[in-house]
2 protein chains.
Amino acid sequence: MATGRTHRPATRSRGIPEATVARLPLYLRALTALSERSVPTVSSEELAAAAGVNSAKLRKDFSYLGSYGTRGVGYDVEYLVYQISRELGLTQDWPVVIVGIGNLGAALAGYGGFASRGFRVAALIDADPAMTGKPVAGIPVQHSDDLEKIIEEDGVSIGVIATPAGVAQQVCDRLVAAGVTSILNFAPTVLSVPDGVDVRKVDLSIELQILAFHEQRKAGEEAGADSGTAPPAAYQAGEPAASGDSAPSGGGSAAGGKGGRKGPDGDVPAVMPA
Amino acid sequence: MATGRTHRPATRSRGIPEATVARLPLYLRALTALSERSVPTVSSEELAAAAGVNSAKLRKDFSYLGSYGTRGVGYDVEYLVYQISRELGLTQDWPVVIVGIGNLGAALAGYGGFASRGFRVAALIDADPAMTGKPVAGIPVQHSDDLEKIIEEDGVSIGVIATPAGVAQQVCDRLVAAGVTSILNFAPTVLSVPDGVDVRKVDLSIELQILAFHEQRKAGEEAGADSGTAPPAAYQAGEPAASGDSAPSGGGSAAGGKGGRKGPDGDVPAVMPA
DNA sequence: AAATGTGAATGCGTTCACAGCA
DNA sequence: TGCTGTGAACGCATTCACATTT
């Protein structure tokens with residue numbers, strides 16, 4: 001083993017922390033870039049900077065994978081690329097189906113990052129018969145009637161949902177029933193799945209709202225005093241409404257009531273429930 | 001990110017945990033759905049189920065905002081919608097620019113969730129002169145030469161980067177220089193920004209890789225021992241094993257479909273660095 | 001001398017369980 | 001009685017700091 005000294009109890013990979021797993025792709029990307037520049041080794045300090053994390057965290061992360069570095073020297077770039085790829089399961093081919101070929105689905109189909117790391121778009125599926133057969137990003141769209149057949153034939157275990165929210169759950173159910181056990185969900189809905197199925201969600205609107213929260217904070221700080229939001233006369237009038245402009249159920253909302261104890265600012269407590 | 005230096009309490013010592021902030025949009029979505037169905041109140045249990053979290057977590061989250069519930073009854077839906085919207089800063093209008101109108105940028109421009117909650121697409125910007133003036137999702141694309149002017153005139157503080165990775169950092173720099181302080185990054189790159197600027201990233205490829213990790217684990221478990229990892233012929237050789245792009249693709253690795261691998265202890269030290 | 005690998009310390013987030021209130 | 005609000009316990013993640021190794 002020329003080094004196998006770090007003989008670990010075999011079961012070492014039993015339990016890589018989730019937070020670490022989430023960073024492995026980041027390290028891998030940075031390492032791939034170094035590899036392309038033919039850089040032979042990196043220190044934890046350098047690699048951490050390239051990946052946008054701090055070096056202690058990176059070393060700790062790598063320690064869960066094993067002892068792949070050399071003290072006094074650093075990490076061998078190619079070796080690490082391979083080890084991380086293997087750990088992530090990227091040394092095998094992952095066929096993926098994308099369901100819902102609207103604007104977003106089409107963009108995903110054409111996204112280079114998809115094809116680049118072991119992921120292969122096995123099929124594009126849409127419920128609209130008008131789409132059937134039409135090539136998107138070079139791949140002909142198939143009708144959702146054939147969803148089960150496609151998944152079974154290709155042995156697809158990863159599905160991407162890019163449908164409208166309203167049908168996401170049923171699409172999800174069909175995917176799962178057909179054998180998919182990992183789902184990447186772009187629809188703004190909470191999906192429920194049986195045990196053993198993983199779901200990760202990507203939600204644009206949520207990301208923006210988180211940014212808005214911090215942005216608002218910044219604005220408040222620099223403005224010194226409050227300044228903040230215009231005090232609404234009745235809180236219920238403030239909703240954007242987007243789809244269905246839901247008539248505000250009215251409800252008493254007569255204003256007046258004393259506010260909840262700790263209004264972050266002297267805002268308008270408006271109404272109290274009940 | 002917070003930078004360790006807390007300028008000053010400025011506003012009330014409202015320290016809402018980051019994890020809580022990230023869930024507020026989820027609660028808001030569930031509440032909005034209830035509101036549209038004119039449901040007057042919800043218990044933490046019901047709302048938690050709708051949002052896909054557990055009720056203890058939800059109650060704790062809400063406790064950071066204040067005491068907005070009624071014991072023995074639950075939460076007033078409309079009231080909570082307003083309080084959360086306000087906390088997130090959604091009672092004001094947030095103009096957003098999208099830079100990079102390729103497939104993804106165009107999909108984002110047309111995404112309903114964008115417009116729906118106080119976010120307004122103020123401008124679409126692209127470096128390609130051929131795109132200038134062309135309407136995408138009803139909004140004419142503007143040339144990136146005008147980026148600074150657009151941001152300043154509209155008072156844009158949130159920018160979305162949907163450009164190729166290669167130009168993302170420079171776009172980011174220009175956005176920040178022009179006054180943007182929150183960035184949603186879709187380019188697969190680590191962006192560096194000055195203190196006080198928030199960056200959130202959305203990376204498709206990373207999400208898929210995380211799924212692949214877990215998927216691989218599942219396959220390995222159910223398949224029992226199973227074949228070992230194919231030992232890499234020579235990942236280090238003299239040259240980058242898989243330079244160029246796309247690592248594993250290409251021939252080799254046959255292996256149709258899933259089929260597991262992953263020896264739990266597939267150590268395979270094979271070669272060591274140095 | 002340089003840089004990894006890792007126990008220990010710290011901090012954050014989640015869950016428990018129950019007091020308190022309508 | 002029913003359900004919220006929250007202190008306390010717990011567990012995971014990050015950071016520190018240094019012994020260890022090349």
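## Aromatic pairs and the surface near DNA strand C

In this predicted model, A:Tyr27, A:Phe62 and A:Tyr75 form one aromatic cluster.

Student: Happy to start with the rings! How many aromatic pairs are there over all chains?
Tutor: Good place to begin. Two rings pair if their centres lie within 6.5 Å. Over all chains, the count by this rule is 6.

Student: How are the planes of A:Tyr27 and A:Phe62 arranged: stacked, tilted or edge-to-face?
Tutor: A pair of aromatic rings is described by the distance of the centres and the angle of the planes. For A:Tyr27 and A:Phe62 the centres are 5.1 Å apart and the planes make 80 degrees. Planes over 60 degrees apart fall in one class, so the pair A:Tyr27 and A:Phe62 is edge-to-face.

Student: How many residues apart in sequence are the parts that this pair of A:Tyr27 and A:Phe62 ties together?
Tutor: Look at where each ring sits. A:Tyr27 belongs to helix H1 (residues 18–36) of chain A, while A:Phe62 belongs to helix H3 of chain A. The pair therefore links parts whose separation in sequence is 35 residues.

Student: Is A:Phe62 buried or exposed?
Tutor: The cut-off for buried is under 20% relative accessible area. Its partner A:Tyr27 has 0% relative accessibility and counts as buried. With a relative accessible area of 3%, A:Phe62 is likewise buried.

Student: In chain B, which elements hold B:Phe62 and B:Tyr75?
Tutor: These two rings have centres 5.1 Å apart and planes at 85 degrees, so they make an edge-to-face pair. Both residues are buried. The pair ties together parts 13 residues apart in sequence: B:Phe62 lies in helix H3 of chain B and B:Tyr75 in strand S3 (residues 74–76) of chain B.

Student: Now the DNA. Which residues come nearest to DNA strand C?
Tutor: There are 24 residues around DNA strand C. They divide into 5 nonpolar, 10 polar and 9 charged. Those that come nearest are A:Ser44, A:Arg71, A:Tyr75, B:Arg23 and B:Asn54.

Student: What share of the atoms of DNA strand C within 4 Å of the protein belongs to sugar or phosphate?
Tutor: Some contacts show the pattern nicely. A backbone N or O atom of A:Tyr68 is 3.4 Å from a phosphate oxygen of DNA strand C, and a polar backbone atom of A:Gly72 is 3.3 Å from a sugar or linking oxygen. Bases supply the rest of those atoms, and the sugar or phosphate share is 67%.

Student: How far is a polar side-chain atom of B:Asn54 from a phosphate oxygen of DNA strand C?
Tutor: B:Asn54 is among the residues that come nearest to DNA strand C. Here the contact uses the side chain, and the distance to the phosphate oxygen is 2.5 Å.

How values were computed. Residues are numbered from 1 along each chain as its sequence is written. Chains are lettered from A and ligands numbered from 1 in the order in which they are written. This is a predicted model: local features need pLDDT of at least 70, side-chain atom pairs count only at pLDDT 80 or more; totals for chains, interfaces and linings use all residues. Side-chain values use heavy atoms; hydrogens and water are left out. A residue is near a molecule or strand if one of its heavy atoms lies within 4 Å of it. A polar contact is a pair of N or O atoms within 3.5 Å; within protein, one must be able to donate a hydrogen and the other to accept it, and residues adjacent in sequence count only if both atoms are side-chain atoms. Ala, Val, Leu, Ile, Met, Phe, Trp, Tyr, Cys and Pro count as nonpolar, Asp, Glu, Lys and Arg as charged, and the others, Gly among them, as polar. Rings of Phe, Tyr and Trp (its six-membered ring) pair if their centres lie within 6.5 Å; planes under 30 degrees apart count as stacked, over 60 as edge-to-face and the rest as tilted. Helices (H or I, at least four residues) and strands (E, at least two) are DSSP runs, numbered from the N terminus. Buried means under 20% relative accessible area, exposed over 50%, partly exposed in between (1.4 Å probe, protein chains only).
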